[in-house]
Each structure stands twice: as structure tokens, then as C-alpha cells.
Amino acid sequence: MKKLLLSIMVLSCLILAAGCVSSEKSKKEIIIFHAGSLSVPLEKYEKLFEKEYNVDVVREPAGSVKCVRKVTELNKKADILALADYSLIPKMLMPKYTDWYVMFARNELVLAYTNKSKYSNEINKDNWYEILNRDGVKFGFSNPNDDPCGYRAVMVIKLASMYYNKPIFKNLIENNSNIKAEGNNIIVPKEVKVNTNKIFMRSKETDLLAPLEVGAFDYLFIYKSVAKQHNLRYIELPKEINLGYYEFKDYYKKVSIQFLANNKTIYGKPIVYGLTILNNAPNKKDAILFVKFMLEHPEVLKECGQPPITPAIAVGNVPEEIKSLVVVKQ
């Protein structure tokens, strides 16, 4: 009798375990490769979406260029790409990997710092470039070859040279790295090398936050939304140079950046985030559902200090399910 009861208990456990495994396998998932600066809002979207739908959201943050390369060079599978520079989609993914995209949020660059930063009580919107040039002051930005925030940072510094009519780019960038400029065209080599006593660089902008907070360096060129999300102090830069305002688009495009790694050139423009669903998305149906959910809840972006574009602007062969939520431009 004891053996029979034991056998029944073992069998019951096996059935329960099999049921759990089956249930786990049956749960669908969507994979999102996304810009590091979208980590906070996408985490919020993930929690809200998973609460409402039986779908796991798997996120992989990286520099936006790196996100694209995961698809185009490493052949990694993903459903959604959400990038800090929408123009990477038409330039690097269309038409082979996708045939549409949505511009859904904007941002601007600021100079972030903490109470530990040298001259933190002295820096202001008028002297920030002089403070950065002082001996012993170290500033950071992400790798321009990997991350839009990085190439935008050097563009902002070049625009500052024009705006203030001072050799700011030469003093801060050319004298401390192998990034050079010919006129208003910035040239980024295949491998960026910096004077580590002056410049602190990592692959993506969010990799720089912890070192800044512990005092490894003093000042960071970062998105305003990220500075707000992490309760950092920051200097707002003039609208003419911070890449945040559409009315200054003609001034921004006076500066360009050429990447020797792929011989591509990008012109300065307002910071606009873009997303798309890949043609070979493993779970396209739920990916569309997630994008629809995002567009229906722009307040999440707003709460995270990331101004949403409402209605969002879409280009290309937009899925029918989201057409009513966007303005389609060809």
C-alpha cells in the first residue's frame, strides 16, 4: 500500500512538472533590441504589457548602431528595434530588413554632473566649455561608432565652436582623441582612441552613468531624459546646439560626421527616436500588439522625461493595426 501511494505521489509530481514546463513553453515572447536611453520607459512598458497580455518581453539594450549591427552583421533574431536615431532605420535596415518605421519620441543633449564633479558649484550655461577645458577636469561621452549619443555629443561640441566662435572642438576633442574635423565635417576613425586622462568613453551612454555617479569622471554629455531619470544635475545647452528643436534643423545640419568604419556620413538633425518591426520577426503578431500598446500610452514616455511625438509619424508600409494611431508620410 505504501509503495502504491508513493507511486501515485511521484506520478502526480511528474504530471504537475510536465504541465509547468508545457505552460512555460507555450508562453510567447517578443525580443526588443533598443537604445540604452530607452531602458527606463521600455521597462515600464514591459511591466504594463506583460500584466495585460500573456507575452514575455525580452529587452537587450545597446548603442543604437550596435543594435542594428546585431541584425545586419551578426544575424541575431529580434522582433522590434527601438533606436535613438530614427534615420538608422532607412539608412541601414531598409528595404532588406524592414519596410517601415515610426518616429515616436524626441530628446536633447545636456551636460550632466554630480556634486562630486570638479567646479560643480561654478559651472553654468555660459562657461561650461571653459570648465571642461580646465586641467584635471574629465568629461565623457559614448563611442560614436556604436551609439548615436556619442556622435551627437561630438556634433554638439562642433556646433558649440560655431555658436560661440571659439576653438572648443579643437580644445576638447581634437587635442584629446583621434577624432578630427575638416571644416564642419567631423571624421571618426574605425577605432576611436582618446586621452583617458581627459575623456572617459564607453560603448553606450547608459554605461557611463555609474562611473559618473561614483566620481570616475566629472561631466557627461547625455540625453536630458536620462539625466532626469537618474536625478543628475545638468546644464541645459543653447537650443541652437543641443539638437533638440526642429526650428533649428537648418543650423544643426551645418555639421556632419563621417564614419571611416563604413564610409557613411550623417548630418546634424533634431534628435528623434524611431522603431520598427523586422521582416523576419519571430513573433510579428505580438510585436505589432506591443508597438500599438506603446503608441496608445504616450504618457509613459512623458513620465520618463522623454517627450512623445503625438501623433507619432510613420513612414513606409505601416501595419494596418497601428495606422489609426500615426500620421503616415511617404
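## Tyr-151 and its aromatic partner

In this predicted model, Tyr-151 has a relative accessible area of 2% and is therefore buried. Phe-259 also counts as buried, because its relative accessibility is 6% and the cut-off for burial is under 20%.

A second pair should be set out before the contact between these two residues. The ring centres of Tyr-129 and Tyr-164 lie 4.6 Å apart with 45 degrees between the planes, so this pair is tilted. Tyr-129 belongs to helix 5 (residues 128–132) and Tyr-164 to helix 6 (residues 148–164); at a separation of 35 residues, the pair links distant parts of the chain. Both Tyr-129 and Tyr-164 are buried.

Tyr-151 and Phe-259 form an edge-to-face pair, with 5.4 Å from centre to centre and 70 degrees between the planes. This pair too joins distant parts of the chain, 108 residues apart: Tyr-151 lies in helix 6 and Phe-259 in strand 12 (residues 256–259).

## Wider aromatic network and charges over rings

The model contains 17 aromatic pairs. Ring pairs connect Trp-128, Tyr-129, Phe-139, Phe-141, Tyr-163, Tyr-164 and Phe-221 into a cluster.

Charged ends are also placed over rings. That of Lys-70 sits over Phe-33, 4.8 Å from the ring centre, and that of Arg-134 sits over Tyr-119, 4.6 Å from the ring centre.

## Cavities

There are 2 cavities of 30 Å³ or more. The largest cavity encloses about 120 Å³, and its lining includes Phe-259, together with residues such as Arg-69, Met-92, Asn-145 and Lys-264. Helix 3 (64–72), helix 4 (88–92) and strand 13 (264–267) are the elements that give two or more residues to this lining. Its composition is 6 nonpolar, 3 polar and 3 charged residues. Domain 1 (28–106 + 272–328) and domain 2 (109–267) each contribute at least three residues to the lining of the largest cavity.

The second largest cavity has a volume of about 40 Å³. Tyr-151 is one of its lining residues, as are Asp-85, Arg-152, Met-155 and Lys-269, among others. Helix 6 provides the largest share of this lining, 3 residues, and strand 13 supplies at least two. The lining of the second largest cavity divides into 4 nonpolar, 1 polar and 3 charged residues.

## Largest pocket

The largest pocket has a volume of about 250 Å³. Among its lining residues are Tyr-86, Arg-106, Tyr-245, Tyr-246, Lys-249 and Lys-269. The lining comprises 6 nonpolar, 1 polar and 3 charged residues. At least three residues of the pocket lining come from each of domain 1 (28–106 + 272–328) and domain 2 (109–267).

How values were computed: Residues numbered from 1 in each chain as written. Predicted model: local features only at pLDDT ≥ 70, side-chain atom pairs only at ≥ 80, totals over all residues. Heavy atoms only, no water. Phe/Tyr/Trp six-rings, centres within 6.5 Å; stacked < 30°, edge-to-face > 60°. Helix = DSSP H or I, 4+ residues; strand = E, 2+ residues; numbered from the N terminus. Buried < 20%, exposed > 50% of the residue type's maximum accessible area, 1.4 Å probe, protein only. Lys NZ or Arg CZ within 6 Å of the ring centre and 35° of its normal. 1 Å grid on protein atoms, 1.4 Å probe; cavity = no way out; pocket = protein on both sides within 12 Å on 5 of 7 lines; lining within 4 Å. Points joined across faces, edges and corners; volume = space filled by probe spheres on them. Nonpolar A, V, L, I, M, F, W, Y, C, P; charged D, E, K, R; others polar. Domains from an automatic or database assignment.
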